[in-house]
Amino acid sequence: MRTHLIAGTDPGQRQLNGPQTSGRQYRNLSKPDHEMACDEDVTVPMRDGINLLADVHRPAGKGRFPVLIAASPYPRQVQNLGAPAGFIEAGASDFFVPRGYVHLIVNLRGTGGSGGTFGFFDAQERQDMFDLVEWAAEQPWSNGNIGMVGISYFAMTQIEAAVERPPHLKAIMPVACTFDLYEAAYHHGLFSSSFITPFLSMIGLTSSQTNKLWRSKLVGALRGLLRTPFIHKQFATMNGEAAIAGLKFLLKVHHDPHPWDDLWRAIAVEHPLRDDWWDQRNLLPLLDKVEIPVYLGCDWQNVPLHLPGTFPAFQTLVNSKHVQVAILGEYGLSWPWESLHLEALAWFDHWLKGTDTGILEGPSFRYVLPGAEGWHAANTWPIPETNYQSLYLKGDGTLGEADELTESRSLLTLGAGLNRPVASQTDPLSNLSWDSQPLENDLDMVGNIELQLDAICTATDTAWIVLLQDVDPDGIATDITAGYLRAGLREVDETASSTGAPFLPCRSFSPIPLNEQVRYRIPIVPNARRFKAGHRVRLLLTSDDQSTEIPVMIGFRHGSMGTSCLGKIVSSSKLLLPFLPS
């Protein structure tokens with residue numbers, strides 16, 4: 001099967017959505033000189049006899065080329081469908097293949113017709129990635145130079161391969177990657193139920209479908225419709241992660257429950273704390289094994305899933321030949337994933353083809369500063385010149401300087417099954433907010449953020465869920481970032497973190513001492529923002545975000561703790577914000 005489509009940014013090409021570079025100017029990039037061919041349902045043998053299934057998108061005719069592997073549990077057959085869905089993340093074959101790359105899209109074991117049982121980021125999956133890379137290096141269309149591409153789960157399999165160190169893997173680009181599965185499923189002990197539950201159902205449902213659907217005339221017609229330029233352009237502002245979090249209807253669609261229900265039970269019920277099951281799925285301690293070049297990235301909005309791991313990974317990849325980072329602004333990663341393709345081409349042309357593209361020039365950490373123009377750059381994270389400012393959670397609902405008062409505000413959380421009578425104006429609130437005074441000057445916030453919360457509780461456990469917002473003079477609030485903590489998992493290991501933010505092991509539960517003041521160190525996911533003059537900084541706090549009236553980052557909500565609690569938030573609590581010098 002051949003196609004003559006070519007994607008790119010030049011006139012006459014299928015136009016890609018999203019930002020294509022991190023602000024650099026590139027040179028000597030590969031030209032789209034090749035026609036495309038595709039070998040479907042190719043079997044890839046693993047060391048234990050299991051076969052994975054792959055689609056090989058390659059330059060037509062004879063020749064050997066560098067290979068970009070994209071592996072995930074998502075249906076490989078529709079990765080070039082063009083749908084704005086959170087599982088269309090392998091990248092555009094009609095961009096890479098015409099420019100002289102093989103785009104190898106593979107289903108992990110137990111998905112998409114591949115043999116075996118899906119293990120969800122386990123040790124077996126890492127071994128499979130080693131075998132996959134070495135298999136690709138030996139094929140007649142491969143020149144032995146192997147890279148890996150794709151975002152989200154496709155990024156996770158890149159890291160799995162990198163820590164196994166297959167000899168032919170030369171470079172990877174794991175943008176929007178999760179390195180520690182516990183922190184994706186549990187936000188410092190709070191179960192990310194609105195994502196994990198439909199996510200596993202989505203994989204189970206799509207894995208039960210065959211080529212009868214995925215390669216049908218109906219899907220082919222849909223592909224043509226979705227690639228219509230006008231329709232395709234509308235997808236530039238689609239957030240796929242948020243879309244998955246909203247797919248509650250998937251829970252009602254029948255599919256084979258094994259192993260998806262088993263995995264859900266393991267996550268939601270059997271392993272609420274870090275243990276050996278989670279240790280097997282945490283690659284951060286293994287990143288010092290990685291020696292190949294790594295290009296990290298994410299968007300600032302991806303707070304509940306992929307953004308948190310980007311920063312410790314950047315600091316832990318100490319033996320990599322070269323590490324770069326790009327953090328994008330709003331809709332920097334839209335679905336289907338097509339952004340940063342020129343950046344990827346410059347990266348892989350350098351490492352897989354030996355071409356001088358300019359990708360290594362300038363500072364290695366590049367980021368968009370929301371609220372400001374253009375790209376910004378640094379060589380390290382956190383940025384050394386950052387100054388921390390403390391804003392106290394005062395009893396009158398303002399964020400400001402400390403005073404001698406020890407006022408408190410009450411936060412009420414009702415457990416499962418309790419119905420609240422009609423509320424009066426004097427009743428405690430189920431969520432609280434604190435606002436700063438209007439800012440006199442623009443302030444650039446970039447770095448790690450922390451809330452040191454002093455609270456008195458009437459329950460032995462509760463949840464702390466924090467949202468940071470930018471409020472403009474008209475009162476319109478923009479969500480920036482969030483922080484989470486299960487109160488019974490408040491243990492902090494100061495020595496385990498090199499990022500400046502507290503590291504919470506989440507390994508042992510310690511009941512809250514009743515009616516005693518306790519300090520909680522709540523790490524808020526690092527972020528960046530230019531707060532403009534006249535705007536206010538707002539901090540929201542709740543202990544249960546199940547209600548749709550409570551704002552959350554990109555639709556991610558948490559399973560309720562199920563405990564009733566009256567908490568008093570003492571005015572000695574403070575928010576630590578990182579600001580750059582004026």
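**Entry 1: overall form**

What percentage of the 582 residues of the chain count as buried? I looked this up before anything else and found that 59% count as buried. I note here that the model is predicted.

I then turned to the dimensions. Along the principal axes, the C-alpha atoms fill a box of roughly 80 × 50 × 45 Å. The radius of gyration of the chain is 24 Å, which agrees with the value near 25 Å for a compact globule of 582 residues.

For the secondary structure I recorded 13 helices and 26 strands. I also checked how far along the sequence the contacts reach. Among contacts with a separation of 6 or more, 78% are made by residues 24 or more positions apart.

**Entry 2: nonpolar cores**

Which residues touch the most other members of the largest nonpolar core? The core has 141 residues, and I noted I69, L104, F120, I267 and F348 in answer.

I followed I267 further. With residues up to four places away in sequence set aside, I267 touches F120, A185, Y186, F191, I196, L200, P272, W277 and W278. There is also a second, separate core, which has 34 residues and includes L451, L468, I480 and I569.

**Entry 3: W264**

I placed W264 in helix α10, which covers residues 260-270. Is W264 buried or partly exposed? I found W264 partly exposed, at a relative accessible area of 32%.

Beyond its neighbours within four places in sequence, W264 is in contact with F191, I196, T197, L200 and V269. F191, I196 and L200 are also among the residues that I267 touches. I took one distance from W264 to I480: the two C-alpha atoms are 30 Å apart in space, and the residues are 216 apart in sequence. I480 is one of the residues in the second core.

**Entry 4: strand β6**

I examined strand β6, residues 65-72, and found it mostly covered, with eight of its eight residues buried. With which strands does β6 pair in the parallel sense? One is strand β7 (residues 102-107), over six bridges. Another is strand β8 (residues 142-148), over four bridges.

I noted one residue pair for each partner strand. A70 has I105 in β7 as its bridge partner, and V67 stands opposite I146 in β8.

**Entry 5: salt bridges**

How many salt bridges does a search of the whole structure find? I recorded 28 salt bridges and looked at three of them in detail.

E343 and R24 form a salt bridge with their closest N and O atoms 3.6 Å apart. This pair links distant parts of the chain, with E343 in helix α13 (residues 341-353) and R24 in the loop between β3 (14-15) and β4 (36-45), 319 residues apart. I found both E343 and R24 buried.

R519 and D454 meet through their side chains at 2.7 Å, N to O. Here strand β23 (residues 517-531), which holds R519, is linked to strand β20 (residues 443-457), which holds D454, and the two residues are 65 apart. R519 is partly exposed, at a relative accessible area of 40%, whereas D454 is buried, at 4%.

D461 and R486 form a salt bridge in which the closest N and O atoms are 2.7 Å apart. D461 lies in the loop between β20 and β21 (463-471), and R486 lies in strand β22 (residues 477-486), 25 residues away. D461 counts as buried at 5% relative accessibility, and R486 also counts as buried, at 18%.

I noted one network as well: salt bridges that share partners join E40, D41, D55, R76 and R215.

**Entry 6: cysteines**

How many disulfides does the structure hold? I found zero disulfides, and I looked at two cysteines to see why.

The sulfur of C565 has its closest cysteine sulfur in C457, 4.0 Å away, which is too far for a bond because a disulfide requires the two sulfur atoms to lie within 2.5 Å. For C506 the closest cysteine sulfur is also in C457, at 17 Å, and this too is too far for a bond.

I checked the accessibility of both residues. C506 is buried, with a relative accessible area of 2%, and C565 counts as buried at 4% relative accessibility.

Definitions and conventions:
Residues are numbered from 1 along each chain as its sequence is written. This is a predicted model: local features need pLDDT of at least 70, side-chain atom pairs count only at pLDDT 80 or more; totals for chains, interfaces and linings use all residues. Side-chain values use heavy atoms; hydrogens and water are left out. Buried means under 20% relative accessible area, exposed over 50%, partly exposed in between (1.4 Å probe, protein chains only). A salt bridge is a side-chain nitrogen of Lys or Arg within 4 Å of a carboxyl oxygen of Asp or Glu. Contact means heavy atoms within 4.5 Å. A nonpolar core is a set of buried Ala, Val, Leu, Ile, Met, Phe, Trp, Tyr and Cys residues joined through side-chain atoms within 4.5 Å. Two strands pair if DSSP finds at least two bridges between them. The radius of gyration is taken over C-alpha atoms; the globule rule is 2.2 Å times the number of residues to the power 0.38.
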